[in-house]
Amino acid sequence: MNLIARITSPGPQSPLSEVLRVPLGVDVWEVKPDYMILRATEAQLERLSRMGYQVEQLEDVAQHLSAFATADAAAGYHSAASLEEELRHLAEARPDVAELREIGRSIEGRPILALRIGDRHGGVPKILFMGCHHAREWIAVEVPFLLAKEMVERADEPPIASWLSSGEVWVAPMVNPDGHEHSRVEQRLWRKNRRRNQDGTFGVDPNRNYGYMWGILNLPTSSHVPSDETYVGPRAFSEPETQAVRDLVACELFAGVITYHSYSQLILYPWGYTDRPVPDARDRELMVGLAIEMQGLIRGVHSSVYTPQQSSELYPTAGDTTDWTYGTYGIPSFTIELRPRTVQEGGFILPASQIQPTWEENRPAAFRFIEHLISAPIG
Ligand SMILES: [Zn+2]
C-alpha cells in the first residue's frame, strides 16, 4: 500500500460509510463526516473509483516518510529499551512510591512493563493508563510515560501526594513493544504486533483482540483476514500482549482506564462494536460528561480541539480495549487519539517537537480523570 488518498462521496447514492464495508484491505487513517484518508494500492483506489467514489491521491507513502520520518523526528522518541531504562530509574529513585512490574512478555520476548505508583497505604481505587497498542503511534508511548514521570517526580506535592496516599496509578506506556521496535527499525508505518500468522503474514491487531464481543464484525476496520491491518486474531486474547493486560486488569480491578492512541485528536468512549449507546444511563452520562470535561481541559492549554464521540462513530470495531474494560468490568474507559489532527500535519509521524505540548495539553485531562475516580469512585 504505497499511496495516501482522500476519498469523498459524490452523493447520497454512495455514502462514505459504505467504503468501510468493502473488503479491500486498505489502511484507514482518518474518518471525517465528509471525507476519509486511506493508505492503499493503486488497484484498491481504482476499485473505489469504479464504485463511484471520488479518489484524490494526496502523496505517495515514500514522499510522506521522507517529509516526516526524519532522523530528527525519531530522536525525541523512546525505544522499548530506552523506555525500560527510564522506567527503571524512576522506580529506583522513589521505591517508596514507584514499583516497576513486568506484566507479561511479547511474542519476541520483550518485557511488557507497568509502573505502579502509590504509597501502598491506600491501594484502592486504582487507575490504569496504557499506551502504544499500535506500533506506529509513537506519541502514545510518550504521553503516558510523561504522566508516570511527573507522578513520581512530584509525588510529594499536592494534588499528587494525596492521590498516591488514597489510591494507585498504573502506567503501561508500551503494550506492543515488538511492533514498536519493528516500526522504529524496519517499517515506520507498522501497526500490529509481530505474530506470524498461519498464512505466513505477520501481525494481529492488539486493539481488536480483547474478549468482549470479540470477532463479531468482519469489516476493513475489524477484519478476519490475517494480512489486514485490523486483523482480530484467531480467537479472543490469542496474543501475549492482550493476555498481559487481561491478567493485570483481572488482578488489580481498576476503577477506570485511559488508553492512548494516535492520531486525529478524539476522545472516544464505548461502544465500538455497535452504534447503540451504552444502555446504563448513569454510566453513559458519566463517560460523556467526563469526555466533554476533558475536551475543555485539553483545549484550555494550547487551544487544540479533541472531539468527544462514541467510538463507533469513528468506525466500527469489535474487541477493542475499552469495549472490553467497560463491557466486562463496567468501569469508565476512554481511548484518546492524540495529535496531530490530519495527515498533512504528519499523521502517525508526529514531529518530536510536539511531544511536550501534546503532553502538556493532555495533563489536566489525565489529572481530572484521576481526581474524579480517586475522590469519588463509582459503584
Ligand atoms: Zn491506534
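**Close-up views of a predicted model**

A search of the whole structure, which is a predicted model, finds 16 aromatic pairs. The legends below describe selected sites.

**View A. The aromatic pair of Tyr-263 and Phe-348.** The ring centres of Tyr-263 and Phe-348 are 4.9 Å apart and their planes stand at 80 degrees, so the pair is edge-to-face. Tyr-263 belongs to the loop between β9 (256-262) and β10 (266-269), and Phe-348 to the loop between β12 (333-338) and α12 (355-375); the pair therefore ties together parts that are 85 residues apart in sequence. Both Tyr-263 and Phe-348 are buried. Phe-348 has a further partner in Arg-136, which lies over the face of the Phe-348 ring at 3.9 Å from the ring centre. The backbone at Tyr-263 also deserves attention: the peptide bond from Ser-262 to Tyr-263 is cis, with omega near 0 degrees. Most peptide bonds are trans.

**View B. The aromatic pair of Trp-324 and Tyr-329.** This pair is edge-to-face, with 5.7 Å from centre to centre and 85 degrees between the planes. Trp-324 counts as buried, at 4% relative accessibility, whereas Tyr-329 is partly exposed, with a relative accessible area of 30%.

**View C. An aromatic cluster and a charge over a ring.** Phe-129, Tyr-260, Phe-334 and Phe-369 form one aromatic cluster. In a separate inset, the ring of Trp-190 has the charged end of Arg-194 over it, 4.7 Å from the ring centre.

**View D. The zinc ion and its donor residues.** Coordination of the zinc ion is provided by His-134 through ND1, by Glu-137 through two OE entries and by His-261 through ND1, at 2.1 to 2.3 Å. The 4 donor atoms subtend angles of 58 to 148 degrees around the zinc ion, which makes the arrangement irregular. For four tetrahedral donors the ideal angle at a metal is 109.5 degrees. The spacing of the donor residues in sequence is H-x2-E-x123-H. His-134 and Glu-137 are both buried.

**View E. The salt bridge of Glu-99 and Arg-116.** The structure holds 28 salt bridges by the rule applied here. In the one shown, the closest N and O atoms of Glu-99 and Arg-116 are 2.8 Å apart. Glu-99 is in strand β5 (residues 98-105) and Arg-116 in strand β6 (residues 111-117), so the salt bridge ties together parts that are 17 residues apart in sequence. Glu-99 counts as partly exposed at 22% relative accessibility, while Arg-116 is buried, with a relative accessible area of 3%.

**View F. Salt bridges within helices α5 and α7.** In helix α5 (residues 139-153), Glu-153 and Lys-149 lie 4 residues apart, about one turn of the helix. Their salt bridge brings the closest N and O atoms to 3.1 Å. Lys-149 is partly exposed, with a relative accessible area of 26%. In helix α7 (residues 177-185), Arg-184 and Glu-181 are 3 residues apart and thus separated by about one helical turn. The closest N and O atoms of the salt bridge between Arg-184 and Glu-181 are 3.0 Å apart. Arg-184 counts as partly exposed at 40% relative accessibility, whereas Glu-181 is buried, with a relative accessible area of 17%. Beyond these helical pairs, salt bridges that share partners join Glu-99, Arg-101, Arg-116, Lys-126, Glu-168 and Glu-252 into one network.

**View G. The cis peptide bond at Pro-159.** The peptide bond from Pro-158 to Pro-159 is cis, with omega near 0 degrees. Pro-159 is placed in the loop between α5 and α6 (160-166).

**View H. Positive phi at Phe-237 and Leu-253.** Most residues other than glycine have a negative phi. Phe-237, although not a glycine, has a positive phi of about 55 degrees. Phe-237 is found in the loop between α7 and α8 (240-252) and is buried, with a relative accessible area of 12%. Leu-253, likewise not a glycine, has a positive phi of about 50 degrees. Leu-253 occupies the loop between α8 and β9 and counts as exposed, at 55% relative accessibility.

Definitions and conventions: Residues are numbered from 1 along each chain as its sequence is written. This is a predicted model: local features need pLDDT of at least 70, side-chain atom pairs count only at pLDDT 80 or more; totals for chains, interfaces and linings use all residues. Side-chain values use heavy atoms; hydrogens and water are left out. Donors are N, O and S atoms within 2.8 Å of the metal (3.2 Å for Na, K and Ca); water is not among the atoms, so sites may look incomplete. Four donors count as tetrahedral if all angles lie between 85 and 135 degrees; four count as square planar and six as octahedral if opposite donors are over 155 degrees apart and all others between 65 and 115; anything else is irregular. Buried means under 20% relative accessible area, exposed over 50%, partly exposed in between (1.4 Å probe, protein chains only). Rings of Phe, Tyr and Trp (its six-membered ring) pair if their centres lie within 6.5 Å; planes under 30 degrees apart count as stacked, over 60 as edge-to-face and the rest as tilted. Helices (H or I, at least four residues) and strands (E, at least two) are DSSP runs, numbered from the N terminus. A charge sits over a ring if NZ of Lys or CZ of Arg is within 6 Å of the ring centre and within 35 degrees of the ring normal. A salt bridge is a side-chain nitrogen of Lys or Arg within 4 Å of a carboxyl oxygen of Asp or Glu.
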